[in-house]
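User: Got a minute to walk me through this one? I'd like the short tour before I set anything up.

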Amino acid sequence: MCSNHSCIVIMEKDEKNLEEKKKLINKQKGAAVVMIILIFTTGFYYCPINVKDVKTPAERLVFTIRCLFVSSFSIVFAIHSVALLRKNTNAIDPVNGGGESLVDVPNRILRNTVEQFFLHMIALLTLSSFLDEGSMKAIPMLTFIFIFGRTLFYLGYTYSPLYRSLGFASTILPTIATYAYCSFCILISLLENNFDISLWILYNIQEAVNGSILHTTGCDCQSKHMLQLFITHFKESNGMIEYDKRIMK
């Protein structure tokens, strides 16, 4: 048991240490953001990566899968580091060897790498469906950042767990950014599809009543004209009728 004064001193020291640790982690996060931006922009605009032949969706998918294969080497390396440590220590027997603490950090690195690779894979596969051939350089750049970030994560974690944040942020932040971009693209796509469906319904209603919408006595001339323009534009954009510049008033 400790006295009230000594307990307060210990708590203050713990809070101070916690704040110092948070500052260290935040500095690493800030450094990761700067590093990601510099690497991505430099590589995207200046690295001679040829993606001109990656045009069709199938070609973009194959290109992305090959990049993900490179990213997966981070898992291979993490597995190798665990296996090598087990081979040369008491951790060779995971049940009765009494050396599991020796592979605790490598196992944590492996587990986090697998988790982040899964998100990285989903993000890149989805992103490839929204990019054209001119923007496909983003895929190998994100792959390089992932590999580089995992390397920093391994080096930082093995040196001191508090220094793992630079590598962790270097891999998770690009993935989060990719998820945000893909989510936005999916949302826009859904809205556009719903808008087209609404126009299709309007078109079929107009066809079903044989144009009675345009000739209802309750509609003024301007409303009839705007509705005719609206429906005609929809027909043109969907190839339903030949373009006709003359709009009936």
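**Rings first**

Analyst: Sure. This is a predicted model, and I'll start with F40, which is partly exposed because its relative accessibility is 25%, not under the 20% needed for buried.

User: And F44, buried or exposed?

Analyst: F44 counts as buried, since its relative accessibility is 17%, under the 20% cut-off.

User: Where do F40 and F44 sit?

Analyst: Both are in helix α1, which covers residues 4–46. They are four residues apart, about one turn of the helix.

User: Does F44 pair up with anything else? I mean, what kind of pair do F44 and Y45 form?

Analyst: An edge-to-face one: the centres of the F44 and Y45 rings are 5.1 Å apart, with 80 degrees between the planes. Y45 itself is exposed, as its relative accessible area is 61%, and exposed means over 50%.

User: How many aromatic pairs are there in the whole structure?

Analyst: A search of the whole structure turns up nine aromatic pairs. One of them is F40 with F44, which is stacked because the ring centres are 5.7 Å apart and the planes sit at 15 degrees, with under 30 degrees counting as stacked.

User: So which residues end up in a cluster through ring pairs?

Analyst: F40, F44 and Y45 are linked into a cluster that way.

User: Staying in α1 for a second, what about I37?

Analyst: I37 is in helix α1 too. I37 is partly exposed, given a relative accessible area of 49%. Along the chain I37 and P174 are 137 residues apart, yet their C-alpha atoms are separated by 9.5 Å.

User: Okay, zooming out. What's the secondary structure?

Analyst: Seven helices and zero strands. Along the sequence the pattern reads α-α-α-α-α-α-α.

User: How much of the protein is buried?

Analyst: Buried residues are 30% of the 249 residues. The exposed surface is about 16,500 Å², and carbon and sulfur atoms supply 65% of that.

User: And what share of the contacts is between residues at least 24 apart?

Analyst: Counting contacts between residues at least 6 apart in sequence, 69% join residues at least 24 apart.

User: Any helix packing you'd point me to? Say, at what angle do α2 and α5 pack?

Analyst: Helix α2 (residues 57–71) and helix α5 (residues 138–159) pack at about 10 degrees, and their axes are 9 Å apart. They are therefore roughly parallel to each other, since angles under 35 degrees count that way.

User: Which residues meet there?

Analyst: From α2 you have F63, T64, C67, V70 and S71. On the α5 side, they meet I139, P140, T143, F146 and I147. By class, this contact has seven nonpolar residues, three polar ones and no charged ones.

User: Last topic, S183. Where is S183?

Analyst: S183 is in helix α6, residues 165–208. S183 is partly exposed, with a relative accessible area of 44%, a value that falls between the 20% and 50% cut-offs.

User: How far is S183 from T126?

Analyst: In space 9.5 Å, C-alpha to C-alpha, while in sequence S183 and T126 are 57 residues apart.

Conventions. Residues are numbered from 1 along each chain as its sequence is written. This is a predicted model: local features need pLDDT of at least 70, side-chain atom pairs count only at pLDDT 80 or more; totals for chains, interfaces and linings use all residues. Side-chain values use heavy atoms; hydrogens and water are left out. Axes are lines fitted to C-alpha atoms, for helices over the stretch in contact, and angles run from 0 to 180 degrees between N-to-C directions. Helices (H or I, at least four residues) and strands (E, at least two) are DSSP runs, numbered from the N terminus. Angles under 35 degrees count as roughly parallel, over 145 as roughly antiparallel, 65 to 115 as roughly perpendicular and the rest as oblique. Contact means heavy atoms within 4.5 Å. Ala, Val, Leu, Ile, Met, Phe, Trp, Tyr, Cys and Pro count as nonpolar, Asp, Glu, Lys and Arg as charged, and the others, Gly among them, as polar. Buried means under 20% relative accessible area, exposed over 50%, partly exposed in between (1.4 Å probe, protein chains only). Accessible areas come from the Shrake-Rupley method with a 1.4 Å probe; for residues, only the protein chains shown count as cover. Rings of Phe, Tyr and Trp (its six-membered ring) pair if their centres lie within 6.5 Å; planes under 30 degrees apart count as stacked, over 60 as edge-to-face and the rest as tilted.
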